[in-house]
Amino acid sequence: ESIRHTSYAMIELATIWHRPVEQVIDLITAIDVCPEFTAAEKARIVLLPHLGSWETFGMWLGQQTDPIYLYKPQENPALDQYIIDLRARTGGEPVPTDKSGLRRLLNGIRRGRTLVILPDQKPGRNSAHIESTFFGLDAPTTALVQSLCSKLACDVFIATMYRSTPAGEFGLRIEPLDYERLSGDEIESAAYMNGAIERLVRDFPEQYQWGYRRFRSQVYQSLQPGS
């Protein structure tokens, strides 16, 4: 089932990126958005794990607010611009994962914008991270969420755009998270965040991108036959 949904994630891009926006939004037939999200008056951080169709979520969010999201630039400039243009069809500002991008991100949050972060990305070798666990296994965790929450007053949410039934339709879920726990001690912050992601994944385990190398290399080695 995981392989099936990984294939869906690649194939459905043709529809999400190239069909008229209204037709894509019409595919979202179940919406469960907490009232805190629509009533938020501060800047918002939305944690969007590698679960379901995060590209569809971006389309929906662009119609609701003016989001900022981090992305890794492509080496091919033409391909990079192609992806940026398609992801921004409903609005939003992509910023690269470098110092200039982080400055734009901070300025945007201070102006009350919405930031989208994929919280289960494995931090780069030389980037700041927090030692934590995910599903009970060692998993270096991004320090960005705790760092932002400790410096800025904001509301934090976790979201997913999951694949629903019948095939080709989606459901949206947005839930509030505890800002105080995310902005406090970094170990507790990472544990709380990973726990929130786990609970969401357990509802749709087949739709999580398990093929992504989320854990430490030693974790994968220990799972090899004969280890």
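**Exercise 1.** Which residues do ring pairs link into a cluster with Phe134?

*Solution.* In this predicted model, ring pairs join Phe134 with Phe135, Tyr208, Trp210 and Phe215 into a cluster. To examine one pair within it, take Phe134 and Tyr208, whose ring centres lie 6.0 Å apart with planes at 55°; since planes between 30 and 60 degrees count as tilted, the pair is tilted. As a next step, locate the two partners along the chain: Phe134 belongs to strand β7, whereas Tyr208 sits in the loop between α10 and α11, 74 residues apart. Both Phe134 and Tyr208 are buried. Finally, a charged side chain can be added to the picture, for Arg214 lies over the face of Phe134, at 5.2 Å from the ring centre.

**Exercise 2.** Classify the ring pair of Phe37 and Trp60 as stacked, tilted or edge-to-face, and describe its surroundings.

*Solution.* Begin with the geometry: the centres are 6.4 Å apart and the planes stand at 35°, so the pair is tilted. The partners come from distant parts of the chain, with Phe37 in helix α4 (residues 35-39) and Trp60 in helix α5 (residues 54-64), 23 residues apart. Next, consider accessibility, where the cut-off for buried is under 20%: Phe37 is buried because its relative accessible area is 3%, and Trp60 counts as buried because its value is 9%. To finish, note that Arg44 lies over the face of Phe37, at 4.2 Å from the ring centre.

**Exercise 3.** Determine which strands pair with β2, and whether its two faces are covered or open.

*Solution.* First, the pairing: β2 runs parallel to β10, to which 5 bridges join it, and it also pairs with β5 in the parallel sense, over 4 bridges. Individual partners can then be assigned, Ile45 being bridged to Val156 in β10 and Arg44 standing opposite Thr114 in β5. Turning to the faces, one should recall that side chains in a regular strand alternate between the two faces of the sheet. On one side of β2 lie Ala43, Ile45 and Leu47, on the other Arg44 and Val46, and all are buried.

**Exercise 4.** Identify the residues that touch the most other members of the largest nonpolar core, and follow one of them outward.

*Solution.* This core has 33 residues, and those touching the most other members are Ile45, Leu47, Leu115, Leu148, Val156, Leu177 and Leu182. Among the elements that each supply at least two residues are β2, β5 and β10, while α10 gives the most, with 6 residues. Following Leu177, and setting aside residues up to four places away in sequence, one finds contacts with Leu47, Val156, Phe157, Ile158, Leu182, Tyr192 and Ala196.

Technical notes: Residues numbered from 1 in each chain as written. Predicted model: local features only at pLDDT ≥ 70, side-chain atom pairs only at ≥ 80, totals over all residues. Heavy atoms only, no water. Core = buried A, V, L, I, M, F, W, Y, C linked by side-chain atoms within 4.5 Å. Buried < 20%, exposed > 50% of the residue type's maximum accessible area, 1.4 Å probe, protein only. Contact = heavy atoms within 4.5 Å. Pairing = 2+ DSSP bridges. Phe/Tyr/Trp six-rings, centres within 6.5 Å; stacked < 30°, edge-to-face > 60°. Lys NZ or Arg CZ within 6 Å of the ring centre and 35° of its normal.
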